[in-house]
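Work through the exercises below with the model open. Each task is followed by a stepwise solution.

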Amino acid sequence: MSVCPAYAPFFGFAGVSSAMIFSTVGAAFGTSKAGIGIAGIGPFKPELIMKSLIPVVMSGIIAVYGLVVSVLIVGDLNPQLDYSLFAGFIHLAAGLSCGLTGLAAGYAIGIVGDSCVRAYIYQGKIFVGMVLILIFAEVLGLYGLIIALILNAKTKDIPCS
């Protein structure tokens, strides 16, 4: 059995798509959920809208994590070079780790952003707590990015024999 079968790049491309799809779904959910909260407070306190955009910005960062991992994985996919099954599985794991943590982080940011933005109308002191909770939710996606970068570094110099 060859360690560089013809189907090995499939797993690398699955990692690319996993990173992009799951992280952008998380970012889209977070943006939409937090945006609903912002739209809810807009008519009552329009002066709070700019400070309430923090969850939307943090959701967008989650999609950037997926983009970074996808670009790094695609950089290792070259039709002229051998691509091992091991590298394919590592790239799949990297894409899934970034994508699924991005999905979870986007979901958490959306729920927290919506609830805290709505509570911000009634109590201004909640802003600091909201930012702290959002940071803890964002760091979930950052953990996935870090693991994906570590995994991607393992694919260098894998020989095909």
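## Exercise 1: A salt-bridge network

The side chains of Asp114 and Lys33 form a salt bridge, at 3.8 Å from N to O. The model is a predicted one.

**Task.** Place Asp114 and Lys33 in their helices, then find which residues are linked with them in a network of salt bridges.

**Solution.**
1. Asp114 sits in helix α3 and Lys33 in helix α1. The two are 81 residues apart, so the pair links distant parts of the chain.
2. Arg118 also forms a salt bridge with Asp114, with the closest N and O atoms 2.8 Å apart.
3. Arg118 and Asp114 both belong to helix α3. They are four residues apart, about one turn of the helix.
4. Lys33, Asp114 and Arg118 are therefore linked in a network of salt bridges. The count of salt bridges comes to two.

**Task.** Classify Asp114, Lys33 and Arg118 as buried, partly exposed or exposed.

**Solution.**
1. The cut-offs are under 20% for buried and over 50% for exposed.
2. Asp114 has a relative accessible area of 10%, so Asp114 is buried.
3. Lys33 has 26%, so Lys33 is partly exposed.
4. Arg118 has 36%, so Arg118 is partly exposed.

## Exercise 2: The nonpolar core

**Task.** Find which elements give two or more residues to the largest nonpolar core.

**Solution.**
1. The largest nonpolar core has 35 residues. Ile62, Val69, Ile73, Ile109, Met130 and Leu134 touch the most other members.
2. Two or more residues of this core come from each of α1, α2, α3 and α4 (126–153).
3. The largest share, eleven residues, is from α3.
4. Beyond its neighbours within four places in sequence, Ile62 contacts residues including Ala27, Ala105, Ile109 and Gly141.

## Exercise 3: A loop serine

**Task.** Is Ser52 buried or exposed?

**Solution.**
1. Ser52 lies in the loop between α1 (8–41) and α2.
2. Its relative accessibility is 1%, so Ser52 is buried.
3. Residues up to four places away in sequence aside, Ser52 touches Ile38, Ile41, Val117 and Tyr120.

## Exercise 4: The largest pocket

**Task.** Describe the lining of the largest pocket.

**Solution.**
1. The volume of the largest pocket is about 190 Å³.
2. Among its lining residues are Gly75, Asp76, Tyr83, Ala87, His91, Lys156 and Cys160.
3. α2 (54–76) and α3 (85–120) each supply at least two lining residues.
4. By type, the lining has five nonpolar, four polar and three charged residues.
5. Ala87 is 9.9 Å from Val3, C-alpha to C-alpha, although 84 residues separate them in sequence.

Key
Residues are numbered from 1 along each chain as its sequence is written. This is a predicted model: local features need pLDDT of at least 70, side-chain atom pairs count only at pLDDT 80 or more; totals for chains, interfaces and linings use all residues. Side-chain values use heavy atoms; hydrogens and water are left out. On a 1 Å grid over the protein atoms alone, a cavity is a set of points where a 1.4 Å probe fits but cannot get out, and a pocket is an open set with protein on both sides within 12 Å along at least five of seven lines; lining residues have an atom within 4 Å of a point. Grid points are joined across faces, edges and corners, and a volume is the space filled by probe spheres set on the points. Ala, Val, Leu, Ile, Met, Phe, Trp, Tyr, Cys and Pro count as nonpolar, Asp, Glu, Lys and Arg as charged, and the others, Gly among them, as polar. Buried means under 20% relative accessible area, exposed over 50%, partly exposed in between (1.4 Å probe, protein chains only). Contact means heavy atoms within 4.5 Å. A nonpolar core is a set of buried Ala, Val, Leu, Ile, Met, Phe, Trp, Tyr and Cys residues joined through side-chain atoms within 4.5 Å. A salt bridge is a side-chain nitrogen of Lys or Arg within 4 Å of a carboxyl oxygen of Asp or Glu.
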